[in-house]
Amino acid sequence: MWCTGLRKRYGRRTAVDGVSLEVGRGEVVGLLGPNGAGKTTVIKMLLGLVRPDAGEVLLLGQPAAEPAARARVGYLPELFRYQPWLTAAEVLALHVRLSGAAVGVQEQRDCLALVGLADRAGDRVGGFSKGMQQRLGLAVALVARPEFVVLDEPTSALDPLGRADVRDIVLSLKARGIAVLLNSHLIGEVERVCDRVVVLDRGRVAASGSLVELLGQHEVRLHLTGMPPAAESRLAGAGRVEREGDWFTVAFPADDEATVPDLVRDLVALGVRVHAVEPGRISLEERLLGILRDGAGS
Amino acid sequence: MTRVVLTVAGLTLREASRRRVLLALGLLTLVLLALSGWGFSRFAAESGGTLTSGEARLTASILLNLVMFGYSLIAALGTAFLAGPTLAGETESGIALAVLARPIRRSAFLLGKWLGLVTFGGVFVVLAGLAQVLVVGVTVDYWPPGPAAALALLAAQTTVLLTLAVLLSSVISPMASGVVAVGLFCTTWVAGVVGGIGAAVDNDAVARVGSVSRVLLPTDGLWRGAMHAFQDPSALLQFGGVDGEAFPFLSVAPLSWAYLVWAAVWVAMVWGLAAVSFVRKDL
């Protein structure tokens, strides 16, 4: 899946502004961002559900404007609702028929079993709880042997057990060489399964890269006393600083071998007493908040 | 394309039956059949000997048209309120998201929905109308001159209204689309009656109200064609010739082929508009 320059306006409001991203085979890409960042709109444009004002989308090598491009695409919408008057098995059979894939009844049953609905196959969807409907949605996304799966908030209605199931399913898709685009608010979930992350903020790509690229930067906790103003400005010049009493947490924008030793040398030269220097690793959550705050500040 | 259209049409029919629409319409029809059967048999028993054969046929024609109007109203309400939820409702609730993300054209999806609804509405009016014709045949021994044509025209009328409801439900909310479709249907009927009165009193301006409304929305024109095929040819003479135009349950003239062609073109045009609007819609 590849898209470039996606743009969408709703009236005066620009929902998506020049978003480009790609997902390779066997790759899991996480889409992150605050509410209203345009994540769901981007997903809908990829699937031809929303017409982009500008930009281009290729799905599995075909222009997305052609319905045939979606033959091998599975989709779990954020707003997951399925025909309440059909049974779970009938919903899957309907989607298999619409997709044009030759998927046997046994395989459809296996798919329901995979999401934990094996014993509810003959029940009407109208009687399902939200969590069960979301599980059914996952089965619908997976049933027609997709090569690209889009999961929009796949665990919003699931209990912790269901979340773990989704994680396992995503990892098994990845192992089978299937491309996955995962939109989720649960950063821990994204951190565990995604190879790459794209952060959207106010319709634009605020950051993107592999987890190593995004998280690889240094964070150091320093216990310092006897701070002259010059030392404080030296610290602030090194990166973003958070202070708790005598403890300073400094996040360095660039990853450089010499950064920390140089900083400590300069601090000592300025007369600061250095009690402790502890390496830290930024979590994806902190990184995300950092990106979004920087974006809001600019 | 055909696979998608037939799958969606089948799904729509299954929805109508699973959501008990079929059951509700069936029960309503049975009630109407029983009531009209009882009414017709009382009419036959009490007027026996007092009416001439011509008068009896006139009354049977009027009553048959009146009851048939009831069926066309049920079909109109039923399909208009079915078209709203099934199209606009599905896009509103999100059911359409997963379906339309499949490798299918939206126009094929819309055609399938429309075909399912037309089949449902058409089969209902034809079956209910046929049952009514049989009831009348048994109770008062009246057999309309063109039952097949009349039933086909009723089905066509349902198709016209349904196509309008499909267009409306692709642009406005499900509830509003049903209300507007039925409202327009009734307005056209009233305009037809007003036009008939205008024709009877030789007021061209008022008569034009009926003709114009019949062109804008062909339900009333088709309904008058159906009435003409239900009623006895002598009924109008009994009623007083052209003055019968002022009466809403008799029709003075059969349908022209030109009008039928216009109705078909109208359906195609309105369906095309619905497809354009649905294809361009952001879900």
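How do H7(B) and H9(B) lie to each other? Keep that question in mind while the tour passes through chain A, and remember throughout that what you have open in the viewer is a predicted model.

**Stop 1: confidence in chain A**

Begin by colouring chain A by pLDDT, whose mean over this chain is 88, with 96% of the residues reaching 70 or more. Select helix H7 (residues 211–215) of chain A, where confidence in the chain is lowest at a mean of 73, and then H2(A), where confidence is highest at 95.

**Stop 2: the sheet of four strands**

Next, select S2, S1, S4 and S5 of chain A, which in that order form an open sheet of 4 strands with antiparallel pairing. Strand S2 (13–22) and strand S5 (62–63) of chain A stand at the edges, and because each has a single partner strand, one side of each is left without a neighbour in the sheet.

Now show the backbone of S1(A) and S2(A), which pair in the antiparallel sense over 7 bridges. One place to look is Arg9(A), whose bridge partner in S2(A) is Thr14(A). Follow the chain into the hairpin that these two strands make, and you will find 2 residues between the strands, with Gly11(A) taking a positive phi near 65°.

On the way to S4(A), keep strand S1 (residues 2–10) of chain A selected and add strand S4 (residues 54–59) of chain A, to which S1 is joined by 4 bridges, the two strands running antiparallel. Here Cys3(A) has Val57(A) as its bridge partner in S4(A), while Arg7(A) stands opposite Ala54(A). If you display side chains as you move along, it helps to know that in a regular strand they alternate between the two faces of the sheet.

Then add helix H1 (residues 39–46) of chain A, which lies across S1, S2 and S4 of chain A and runs at about 120° to S1(A).

**Stop 3: the sheet of six strands**

Keep H1(A) in view and select S6, S7, S8, S3, S9 and S10 of chain A, which in that order make up an open sheet of 6 strands with mixed pairing. At its edges are S6 and strand S10 (204–210) of chain A, each of which pairs on one side only. Looking along this sheet, you can follow how neighbouring strands are turned by 15° against each other on average, with direction ignored.

For a pair to examine in detail, choose S6(A) and strand S7 (residues 148–152) of chain A, which run parallel and are joined by 4 bridges; among the residues involved, Tyr75(A) has Val150(A) as its bridge partner in S7(A). H1(A) packs on this sheet too, touching strand S3 (28–32), S7, strand S8 (179–183) and strand S9 (196–201) of chain A, with its direction at about 150° to that of S7(A). Another helix to select is H4(A), which lies across S6 and S7 of chain A and runs at about 170° to S6(A).

**Stop 4: where chain A meets chain B**

Show both chains together, and select the 26 residues of chain A that are in contact with 21 residues of chain B. On the side of chain A, the elements that give two or more residues are strand S6 (73–76), helix H2 (88–99) and helix H4 (130–143), and the largest share, 5 residues, comes from H2(A). Coloured by class, the residues on this side of chain A divide into 16 nonpolar, 5 polar and 5 charged.

**Stop 5: two helix pairs in chain B**

Hide chain A and select helix H5 (residues 106–140) and helix H11 (residues 257–279) of chain B, whose axes come within 9 Å and cross at roughly 135°. That angle makes H5(B) oblique to H11(B), and the crossing is right-handed. Where they meet, look for Arg106(B), Ser107(B), Leu110(B) and Trp114(B) in H5(B), and for Trp271(B), Ala274(B), Ala275(B), Phe278(B) and Val279(B) in H11(B). These contact residues divide into 7 nonpolar, 1 polar and 1 charged.

Finally, return to the opening question by selecting helix H7 (residues 174–200) and helix H9 (residues 219–230) of chain B, whose axes come within 8 Å and cross at roughly 60°. H7(B) and H9(B) are therefore oblique to each other, and their crossing is right-handed. The contact is made by Phe185(B), Thr188(B), Trp189(B) and Gly192(B) of H7(B) together with Thr219(B), Asp220(B) and Arg224(B) of H9(B), and by class it has 2 nonpolar, 3 polar and 2 charged residues.

Note on methods. Residues are numbered from 1 along each chain as its sequence is written. Chains are lettered from A and ligands numbered from 1 in the order in which they are written. This is a predicted model: local features need pLDDT of at least 70, side-chain atom pairs count only at pLDDT 80 or more; totals for chains, interfaces and linings use all residues. Two strands pair if DSSP finds at least two bridges between them. Two residues are in contact if their C-beta atoms, placed from the backbone, lie within 7 Å. Axes are lines fitted to C-alpha atoms, for helices over the stretch in contact, and angles run from 0 to 180 degrees between N-to-C directions. Ala, Val, Leu, Ile, Met, Phe, Trp, Tyr, Cys and Pro count as nonpolar, Asp, Glu, Lys and Arg as charged, and the others, Gly among them, as polar. Angles under 35 degrees count as roughly parallel, over 145 as roughly antiparallel, 65 to 115 as roughly perpendicular and the rest as oblique. A crossing is left-handed if the near helix is turned anticlockwise from the far one by less than a right angle, and right-handed if clockwise. pLDDT is the predictor's confidence in each residue, from 0 to 100.
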